[in-house]
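Here are some exercises to work through with the model open beside you. Try each task before you read its solution.

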Amino acid sequence: MKIATPDSHSTPASAPVQTHEAFAWIRSERIDSLNLTVEEYEHRRTGARHYHLSAENPENVFLVAFRTVPTDSTGVAHILEHTALCGSERYPVRDPFFMMIRRSLNTFMNAFTSSDWTAYPFASQNRKDFDNLLDVYLDAAFFAQLDELDFAQEGHRVEFEDTTDPSSRLVYKGVVYNEMKGAMSSPVSALWQGLSQRLYPTTTYHYNSGGDPEHIPELGYTQLKDFYRTHYHPSNAVFLTCGNIPAHEHQARFEERVLARFERLDEIITVPDETRYDRPLTVEDSYALEDDDTGSNKTHIVLGWLLGRSTDLEDLLKAHLLSNILLDNGASPLRHALETSKLGSAPSPLCGLEDSNREMAFVCGLEGSRPEYAAEVEALILGVLREVAEHGVPQEMVDAALHQLELHQREIGGDSYPYGLQLILSALPTAIHRGDPIAVLNLDPVLERLRAEIRDPDFIKQQVRTLLLDNPHRVRLTMKPDAELSARRNAAEAARLDAIRAALSEEERQSIVARATELQKRQSRHDDPEILPKVGLDDIPADLFIPEGAREPVGAWETTFYPQGTNGLVYQQLVIELPQLDDELLACLPYYTRALSELGCGGRDYLATQLRQSQVCGDISAYTSLRGRIDDVQDIRAHFILSGKALASRHAEFSELMRETFETVRFDELGRLREIIAQERARMEQGVTGRGHSLAMGAAASGMSPGADINHRLRGLAGIRALKRLDDSLDTEAELERFAGRLARIHALVLRAPRQFVLIGERERHDLLRRDLETVWKGAPATADSAPFTRPALRRSARQLWTTSTEVNFCAKAYPTVPIEHADAATLEVLGGFLRNGFLHRAVREQGGAYGGGAGHDPDIAAFRFYSYRDPRLEETLQDFDRAIDWLLDTRHEPRQLEEAILGVVGAIDKPASPAGEAKSAFHNNLYGRTPAQRQRYRMRVTGVTLDDLRRVGETYLKPEQASLAVITSAAVAQRSGGELGMEILPL
């Protein structure tokens, strides 16, 4: 472990006022750019490390991580992560993790398996809740029961198809097994796994830490327990905390609950350096693609280099800087070559730096290519690198890349994960590999050194040579589509199961039947939830925090300013009332917003514009939002938003670039438009299996309101199919010109529509930001010559089977309901959690084997939706959705179940975001009538829901004749099931 000394690399801080006797304080360091102090401790007896990020933040975060280093692809670390959460010494209930989700006001709860670590994080703003979760997490991590039936449920098992009939065929089941079948259905996942296998021939990264479905059944229960004993030990653990609870209070709990019971472990688990190649490796492989057109351009060709250790901060930042220079945007030399090449349709989604492993990897390449182009793709990439090594890149490009690193360092996140957890996760890989995580958090000293080094014109040239051109540890991987691969795998699996079945004795057959029965009994068992700690409705804060903005005229435009602690960043949005669009223009709306900030503007081409963006701001992007009225979802409003962020010191330049992007965009760059559409198609197609449940829900609810229909047509499954047709049609300049003309027509209408601005920044910068905005955005208010956007009312049902290349299913069922201001909307939202907690989790996930399943209400489109995620079943899951309603109406329920569902809804409503994110949410909710008063009123209605209310809305709205269905599945399954279910089959 490197210890910081008082020099220019760090800002030492004094020792904490109070420490815990079981821990030795090592150092503290103040990081002004993050407004926190990092404290490092070591547990005296076990050697466990504790890093505490002391900050004035009431959202406290905990994470404990273990170095988990698999030596095969059975998924042992991943299955252990699941199984450890199925009951522990102090909490011997079957499912404490999901039970605590229901008994908590957490802002985050999860568990992660990475390639070489497993982590258990949570966050909460409530101290009682935090302490409850800490007790449960510590006991789960260090004193897990690891019941063999839980291993069978979460990992894998063989059962007879009819669990009570030993003459029926055998099948594999298991939550992780099905999760990884879904994950590996993604070509990008298969590509990364294939590349890792070759880039890392001898270390743990050679294997699939999540588990390869072909090898998961090889994992035995004894192996799982042995892995737990050696890896889940304090000597192999790192504790990280963030927030306003002092470190010594955390440590008192760690010591009392866990650490006092352990001694130091002699074995040190590490990942060794990889054995290096002395010459590049060329490999060809295949991925499964159920498509009649596998002979077309669907091959992935990538080059990967193994670089140095991620624990060396200077090497890490130099690698990031080089990756940004080469690949960050369309002006970057390598990305430009890949985007404009005729050898493929788009840059590979793997392009960039992978820095989470002990040794980093740099990857670039193309998708949408052909196998015979592999050598040409390699020559193209190496040619660009040689050009950079010989001639360098413009200094402004290097400065811009460093500017992006600085902006990333300063920005306060928290819109996806809690901000404290984001910081912890950024430091975790270095902590796991016994590097210096404090240095990773405090980048400013290294950035300053880099700022000096990049003045040398040979700096980037040398980096390209050292890291890439002169580095023989390089792999060229060509991944071809194979329409028969999935069938061959399924046949091999069936043959393996047939062989197992043929070898079974009668006693073994009865044992399988008995275990299935025993597991079903365990899954149906009702444990006493009061074994677990909880918070109650009395612990819910009285009020919902919503930032307040000040509305004021700035020049000709109305502007809302939100004074938020943004750590030196400023956020700006141009908000325009979307004008009416005919069907032809509406179909092009997502491509208009995608292209707007990626084309040239201000007299520049797109390359110069992309460089200018990276010089002055974090990003500029455009999107549209659409919502129904709070009392009528059939009456919709829509807005166009141009959004960006920058360091406050660059606000004037950033404002000018925002104006140029909006007012002077060039739709004559036809080649660039062609590239954008090809890239968007690739991105949307790749995302299907990752968000299949959302897409299926969107399709099922698509006929329930105009907003639901538009979301499905533009961003959902219908939108993906339309995008594929558009991409296939843009083969001639004439077609491109017509397409560009449609985008220009949309833009002309948007330019004339009423507009306003949103500004978010620190209070003391208000006058300066206001002055910049007024100086740049001149002119008179727009006088719209077209009506605002609207659509006719819509209510129709759907029964759709969408087919794609997938090993698992995504099922959805939807019912029309009511908008958010209706008195029943809050009850329907509580009902979603109530059905998930009480019935669907057990039926769809535990018994059905899906990775996820649940229900929820979307008042913006007035629809109640059931869903499953990475699901091995189809018809049975749709039946479970119906059985959930029967359970609601026919079963006597406990008040505790209602309280748990209410807590879940309130926790989601109260979940904090980043300072900028909270301000944006406040503004846009207000824009559509979701005022602070309305949101507080809705929250109060949630807390007042009764069991009788739940039954009433179930009877009122969840009627079989009103249901709509949508499923994403494979073509083979669709052919078997479509006719029986009376569903329309729609190839994606």
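A residue is called buried under 20% relative accessible area, exposed over 50%, and partly exposed in between (1.4 Å probe, protein chains only). The model is predicted, so local features need pLDDT of at least 70 and side-chain atom pairs count only at pLDDT 80 or more, while totals for chains, interfaces and linings use all residues. Residues are numbered from 1 along each chain as its sequence is written, and side-chain values use heavy atoms, with hydrogens and water left out.

**Exercise 1. Decide whether Tyr 232 is buried or exposed, then describe its ring pair with Tyr 120.**

Step 1. Tyr 232 has a relative accessible area of 2%, so this residue is buried.

Step 2. Rings of Phe, Tyr and Trp (its six-membered ring) pair if their centres lie within 6.5 Å; planes under 30 degrees apart are stacked, over 60 edge-to-face, and the rest tilted. The whole structure holds 37 aromatic pairs by this search. For Tyr 120 and Tyr 232, the ring centres are 6.0 Å apart and the planes meet at 75°, so the pair is edge-to-face.

Step 3. Now place the two rings. Helices (H or I, at least four residues) and strands (E, at least two) are DSSP runs, numbered from the N terminus. Tyr 120 belongs to strand S7 (residues 117-124) and Tyr 232 to the loop between helix H7 (221-231) and strand S10 (237-243), so the pair ties together parts 112 residues apart in sequence.

Step 4. Check the partner too: Tyr 120 counts as buried because its relative accessibility is 2%.

Step 5. For a second example, take Trp 305 and Phe 362, a tilted pair with 6.0 Å centre to centre and 45° between the planes. Trp 305 is in strand S12 and Phe 362 in strand S15, 57 residues apart. Both Trp 305 and Phe 362 are buried.

**Exercise 2. Which strands pair with S15, and how many residues of S15 are buried?**

Step 1. Two strands pair if DSSP finds at least two bridges between them. Strand S12 (residues 299-309) runs antiparallel to S15 over eight bridges, and one bridge sets Leu 306 against Ala 361.

Step 2. Strand S14 (residues 352-354) is also antiparallel to S15, over three bridges. Here the partner of Glu 354 is Ala 361.

Step 3. Strand S13 (residues 346-347) adds two antiparallel bridges to S15, with Ala 346 opposite Glu 367.

Step 4. For burial, eleven of the eleven residues of S15 (residues 359-369) are buried.

Step 5. Finish with the turn: a hairpin of four residues joins S14 to S15, and Asn 357 lies in that loop. With 3% relative accessibility, Asn 357 counts as buried. Contact means heavy atoms within 4.5 Å. Leaving out residues up to four places away in sequence, Asn 357 touches Ser 115, Asp 116, Tyr 200, Tyr 205, Ser 310 and His 433.

**Exercise 3. Compare the end-to-end distance of helix H3 with its expected span.**

Step 1. The expected span of a helix is 1.5 Å times one less than its number of residues. The 16 residues of H3 (residues 127-142) should therefore span 22 Å, and the end C-alpha atoms are 22 Å apart, which agrees.

Step 2. Look at its surroundings: 14 of the 16 residues of H3 are buried, so the helix is largely enclosed by the rest of the structure.

Step 3. Repeat the sum for helix H6 (residues 187-199): its 13 residues should span 18 Å, and its end C-alpha atoms are 18 Å apart, in agreement. Among the buried residues of H6 are Val 188, Leu 191 and Leu 195. Their cover includes S12, S15 and helix H22 (670-686).

**Exercise 4. Where is Leu 544, and which residues does Leu 544 touch?**

Step 1. Leu 544 is in the loop between helix H18 (506-524) and strand S17 (550-554).

Step 2. Its relative accessibility is 14%, so Leu 544 counts as buried.

Step 3. Not counting residues up to four places away in sequence, Leu 544 touches Ile 909, Asp 910, Arg 935, Gln 936 and Arg 939.

Step 4. Look up the last three of these in helix H32: Arg 935, Gln 936 and Arg 939 are among its buried residues.
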